[in-house]
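Trainee: I should like to work through this structure with you, one point at a time. May we begin once it is on display?

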Amino acid sequence: MAEIRKVGVVGLGAMGAGIAQLCVEAGLETVGREVTAELGQTARDRIGHFLTRKVEKGQFEQEARDDAVGRLTLTTELDAFADCDLVFEAIVEELEPKQELFGELDRICRPDAVLATNTSALSVTEIAAAASTPGRVVGMHFFNPAPLMPLVEIVRAELTEDEPFERAFAFGERIGKTPIRCHDTPGFVVNRVLIPLLNDCIRVLDEARVTPEDMDAGMKNGAGWPMGPCTLVDLVGIDVHVHASEALYEKTREPRMAPPPRLVAMRNAGLLGRKSGRGFYRYD
Ligand code: 3HC
C-alpha cells in the first residue's frame, strides 16, 4: 500500500480545520484550501490556538507546536492538490458543490490519490458519481470536535475499490483515530442513531416541559452522556443538525429523522448555537 505523505483539505471550517490539525499533528505536510486568504488565515489561527493550549497544558512541546503549524500551507487554488496522496473534502453540505469539486479534484489529482468526503448525511456514492474514477472516492466522516472525538467512519460507496478504502482506514489509524468500516447508507452508523435520538430529546423538551438545563442534566447523569443533548446540538450547530435531519428524513421517510419544529424555528431566527453566540444557551 503506497504511503500517504502529503494531504490536502478543501474547506477549513470547523471540521476541515480540525482534520488539518490532526494531519499536521501527525507530521504530515498539509495543504489547506479556502476561498479567500483571510478565511485560510482564520483557520490557521484556530489550529495555532488549540495547539498553543496543548503546550500550555504540557501536552505538546513549543517547538513541536511551531513545526506542526509550519506544516500547513494555505492556498485558494485547487491546483495545489496535484501532488497530494489524499485529499479531504469538508466544504458546504450540499450535493451540487461537492459533485462539482470531486469532478475537479478527479482531474487535478494524481490517479493513485485517494479522494475522501467528510459528508455527514449525503450519499458518498452520489458525490463519487461526479468523478470519472469513482473507485478511489471514500467517505471519511469525522465527529465534532474532530481533534477530540476518536471515531472516524470509513464509508464504502457502491464503486469504492478495496485499496483506497483500506488506505483510508490505515490513514485514520495513523492520525490516532479509531476507524470503523461501513457501507454508504443514510447517516452511516452513528448519525443514523444519534440524529433521531437528539431529535427525540428536543421533542421531549416541550412534551415533558423540561428546561434545556434539566434535559442536559438528565442525559448526563441518567444516561452517562459526556455532554447533554442541548449543549451538543449547540456545539454541532443548529443549522447543521437541521440540515442533516432533513437529508436523512428525505432518504428514510422515518418521522423521527425530521427536524423538530422548535429547531427549525431556531435555525430560521439565526440561533445557530455556539457559533452564532446563542442557541439553547448563550455564549459570550
Ligand atoms: N478543536 C480542537 N481542539 C479543541 C476544540 C476543537 N474544536 N474544542 C476544544 N478543544 C480543545 C481545547 O483546547 C480544550 O481545552 P481548553 O478548554 O483548556 O482550552 C480541550 O480541547 C478540551 O478538552 P477536554 O478533554 O478537557 O474536554 P472535555 O473532557 O470537556 O471533552 C468533548 C470535550 C470531547 C467534546 C466531550 O464533551 C464530548 O465527547 N462531547 C460529545 C461530543 C459529541 O458527541 N460529538 C459528536 C457530535 S455529532 C457529529 O459530529 C456528527 C456530525 O455529522 C453532525
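Trainee: Which backbone oxygen does the side chain of Thr30 reach?

Mentor: Please bear in mind that this is a predicted model. Thr30 lies in strand β2, residues 29-33. Its side chain makes a polar contact at 3.0 Å, and the partner is the backbone oxygen of Leu28.

Trainee: Is Thr30 buried or exposed?

Mentor: Not counting residues up to four places away in sequence, Thr30 touches Val7, Val9, Ala20, Cys23, Val24, Arg71, Leu72 and Thr73. Its relative accessible area is 1%. Buried means under 20%, so with 1% Thr30 is buried.

Trainee: Which helix gives the most residues to the largest nonpolar core?

Mentor: That core has 35 residues, and those with the most contacts inside it are Phe88, Met140, Phe142 and Phe171. The helix that gives the most to this core, with seven residues, is α1 (residues 14-25).

Trainee: What does Phe142 touch, and how many residues does the other core have?

Mentor: Leaving out residues up to four places away in sequence, Phe142 touches Met15, Ile19, Leu22, Phe88, Asn118, Leu151, Val152, Ile175 and Lys177. Apart from the core of Phe142 lies another one, with Val31, Phe102, Leu122 and Val124 among its members; its number of residues is 23.

Trainee: How far apart are the end C-alpha atoms of helix α4?

Mentor: Helix α4 covers residues 95-108, which is 14 residues. At 1.5 Å a residue, α4 should span 20 Å. The model agrees with this, because the end C-alpha atoms of α4 are apart by 20 Å.

Trainee: What arc do the buried residues of α4 cover, and which residues are exposed on the other side?

Mentor: The buried residues of α4 are Lys98, Leu101, Phe102, Leu105, Asp106 and Ile108. They cover an arc of only 165° around the axis, which puts them on the same side of α4. These buried residues pack against β1 (6-10), β4 (86-89), β5 (114-117), α5 (124-128) and β6 (137-142). On the other side of α4, the exposed residues are Glu96, Glu100 and Arg107.

Trainee: Where do the buried residues of helix α3 lie, and what covers them?

Mentor: In α3, residues 62-70, the buried residues are Arg65, Ala68 and Val69. They span an arc of only 95° around the axis, so they are on the same side of α3. Glu63 and Gly70 are exposed on the other side. What covers the buried residues includes α1, α2 (37-56) and β3 (72-75).

Trainee: Which residue has a backbone N or O atom 2.8 Å from a nitrogen atom of the ligand?

Mentor: Of the 19 residues around the ligand, Arg53, Lys57, Ser120, His141 and Asn144 come nearest. A polar side-chain atom of Ser120 is 3.5 Å from an oxygen atom of the ligand, and an N or O atom in the side chain of Arg46 is 3.5 Å from a ligand nitrogen. The backbone contact at 2.8 Å to a ligand nitrogen belongs to Asn144.

Trainee: What is the relative accessible area of Gly273?

Mentor: Gly273 is found in the segment after α11 (261-268). Leaving aside neighbours within four places in sequence, Gly273 is in contact with Asp234, Ile238, Arg278, Gly279 and Tyr283. Gly273 is buried, and its relative accessible area is 0%.

Technical notes:
Residues are numbered from 1 along each chain as its sequence is written. This is a predicted model: local features need pLDDT of at least 70, side-chain atom pairs count only at pLDDT 80 or more; totals for chains, interfaces and linings use all residues. Side-chain values use heavy atoms; hydrogens and water are left out. A nonpolar core is a set of buried Ala, Val, Leu, Ile, Met, Phe, Trp, Tyr and Cys residues joined through side-chain atoms within 4.5 Å. Buried means under 20% relative accessible area, exposed over 50%, partly exposed in between (1.4 Å probe, protein chains only). Helices (H or I, at least four residues) and strands (E, at least two) are DSSP runs, numbered from the N terminus. Contact means heavy atoms within 4.5 Å. The expected span of a helix is 1.5 Å times one less than its number of residues. The arc is that of the directions from the helix axis to the C-beta atoms. A residue is near a molecule or strand if one of its heavy atoms lies within 4 Å of it. A polar contact is a pair of N or O atoms within 3.5 Å; within protein, one must be able to donate a hydrogen and the other to accept it, and residues adjacent in sequence count only if both atoms are side-chain atoms.
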